[in-house]
Amino acid sequence: MDQKEHKKGDIQERTNQFRVALLIILFLVVGIRLVDIFIYPDTDILPTGFILAIVMIQLFLLWVDSIKEKQHLVWLQKEKENLNSMKSKFLIMTSHELMTPITVIKSYLEMLSTKMLGEVTPQQKEAFGIMSKYIRRLEKIQDTLTKMETGAMPDLKKQMEEISVETIVKNTANDLLPFIKKRNQHLEVQVEEDIPAVMMEKNGIRQVIANLLLNAIRFTPDDGKIIVRTTDGGDNVRVEIEDNGIGIPEDKLNSIFESFYEVQDTATEHSSGSIEFKSGGVGLGLSIAKNIIDIHKGKIWAESEENKFSRFIFTLPK
Ligand code: ADP
C-alpha cells in the first residue's frame, strides 16, 4: 500500500515536471510569435491564440491539481491522527486488560510458593521464584504502557541513578540464557574494560536490553549467533545487540520503531510472546525501547542486511 502510494506520487511529480517544462516551451513560442506579430503586423494571429489557449488550459489544470493535492494532504493528516488516537486507545485498553490476569497469576504464585496449596520441592520453589520475578517485570511493563500513553513516562527521570552498564547487560543476558539454550543459539557478551557508570533508570534499561535480545532470539534461526557488545563511545556508552538472523529490509529500518509495526505478519507464524523462530509480539517492543532511550537522552537505531545480520545500537550519555 505504502509503495503503491509512493509510486503514484512519483508518477504525478514527473507528470507535473513535464507539464511545467511544456508550459515554459509554449510560453517561449508565444513570446516569439508576439514579437513576430509586433514586427510584422500582417502575421496570422490564430496559431498564437491557439497556443495561448493551450497555455491557459494547462495553467488551469495545474491549479486544479495543486488544490487536489492540498486536499489529499489534509485527508492524509486526518487519517494519521485517527490512527494514532486508535493506537493510543488500544494501548490503554491492552494495558488495562493485562491487569487482571497479572493479578490472578501473582496471587496463585504466592499461594504456591507459600505452600498454601501443598508441599513444594526445592526445584519448584526455584521455578516459582523465577516466575515471580518475571511477573513483577510484566507488571512494570503494564505500568509503563499505561504511563506511556498517559504521558507520565518522564517519571523514569526521577528514578535515575549511576549504574554500571556492564552489570545490567550481563544480568539481563543471564536471565535470558535459558531461551538462548532452548533455541540452541550461541551468545557472546563482549564488554570493553573500564567503562564508567552512567545515569539510568535500571529497570527501563534492563527492559530495553531484554526487548532487543528477545527479538534477536526470535528472528535468528536455531544454532544462530547473538553478540552483545558494550563499548565506550567517548561522550556516551554504546550497547550493540547483533544477530545473524533474517535481517530487516533497508526501507523498514526506521518504521520498526513505530508502535505496532511488524515487518512480517508474525501472527501467521507462531503464537505471540513466545521465543520460537519468527514468533512475534504486537510490534511494541522497539517503540517502548525507543521511548525509554529518548527519556535517557540517548539514541537508538538499527542496521541490517537481509538474511545476514541485524544490529541494534543504543547509546546512553555519560
Ligand atoms: P514485536 O514485539 O512484534 O517483535 P518489536 O517492536 O519488538 O515488535 O519489533 C518490530 C518488528 O521489527 C518485528 O516484528 C520484526 O519484524 C522486526 N525486528 C525486530 N528485531 C529484529 C531482529 N533482530 N531481526 C529481524 N527483525 C527484527
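1. Leaving aside its neighbours within four places in sequence, which residues is Phe-314 in contact with? In this predicted model, the partners of Phe-314 beyond that window are Ile-205, Val-208, Ile-209, Leu-212, Val-237, Arg-238, Val-239, Ile-293, Lys-299 and Ile-300.

2. On the overall architecture, the protein contains six helices and seven strands, and their order along the sequence reads α-α-α-β-α-β-β-α-β-β-α-β-β. Of the contacts with a separation of 6 or more, 71% join residues 24 or more positions apart. Buried residues amount to 34% of the 318 in the protein, while the exposed area comes to about 20,000 Å², with carbon and sulfur atoms supplying 59% of it.

3. The largest nonpolar core comprises 42 residues, and Ile-205 and Phe-314 are those with the most contacts inside it. At least two residues of this core come from each of α4 (165-182), β3 (198-200), α5, β4 (225-232), β5 (236-243), α6 (285-295), β6 (299-305) and β7 (309-317). The element that gives the most is α5, with nine residues. Apart from this, there is a second, separate core of six residues, among them Val-30, Ile-51, Val-55 and Leu-62. As general background, nonpolar side chains in soluble globular proteins tend to be buried together.

4. Helix α5 deserves a closer look, since 15 of its 17 residues are buried and the helix is therefore largely enclosed by the rest of the structure. From its first C-alpha to its last, α5 reaches 24 Å, close to the 24 Å expected at 1.5 Å a residue.

5. Gln-207 is placed in this helix, which covers residues 202-218. Its relative accessibility is 8%, and because the cut-off for a buried residue is under 20%, Gln-207 counts as buried. Once neighbours within four places in sequence are left aside, the contacts of Gln-207 are with Ile-141, Thr-144, Ile-288 and Ile-292.

6. At the surface, a nonpolar patch is formed by Ile-57, Phe-60, Leu-61, Trp-63 and Ile-67, which together have about 510 Å² of accessible area. One of these residues, Leu-61, lies in helix α2, which spans residues 46-113. With a relative accessibility of 36%, Leu-61 counts as partly exposed, because that class lies between the limits of 20% and 50%.

Key
Residues numbered from 1 in each chain as written. Predicted model: local features only at pLDDT ≥ 70, side-chain atom pairs only at ≥ 80, totals over all residues. Heavy atoms only, no water. Helix = DSSP H or I, 4+ residues; strand = E, 2+ residues; numbered from the N terminus. Buried < 20%, exposed > 50% of the residue type's maximum accessible area, 1.4 Å probe, protein only. Contact = heavy atoms within 4.5 Å. Expected span 1.5 Å × (residues − 1). Patch = residues over 30% accessible without salt bridge, like charges linked within 9 Å, V, L, I, M, F, W, Y side chains within 5 Å. Areas by Shrake-Rupley, 256 points an atom, 1.4 Å probe, with all protein chains shown as cover. Salt bridge = Lys/Arg side-chain N within 4 Å of Asp/Glu carboxyl O. Core = buried A, V, L, I, M, F, W, Y, C linked by side-chain atoms within 4.5 Å.
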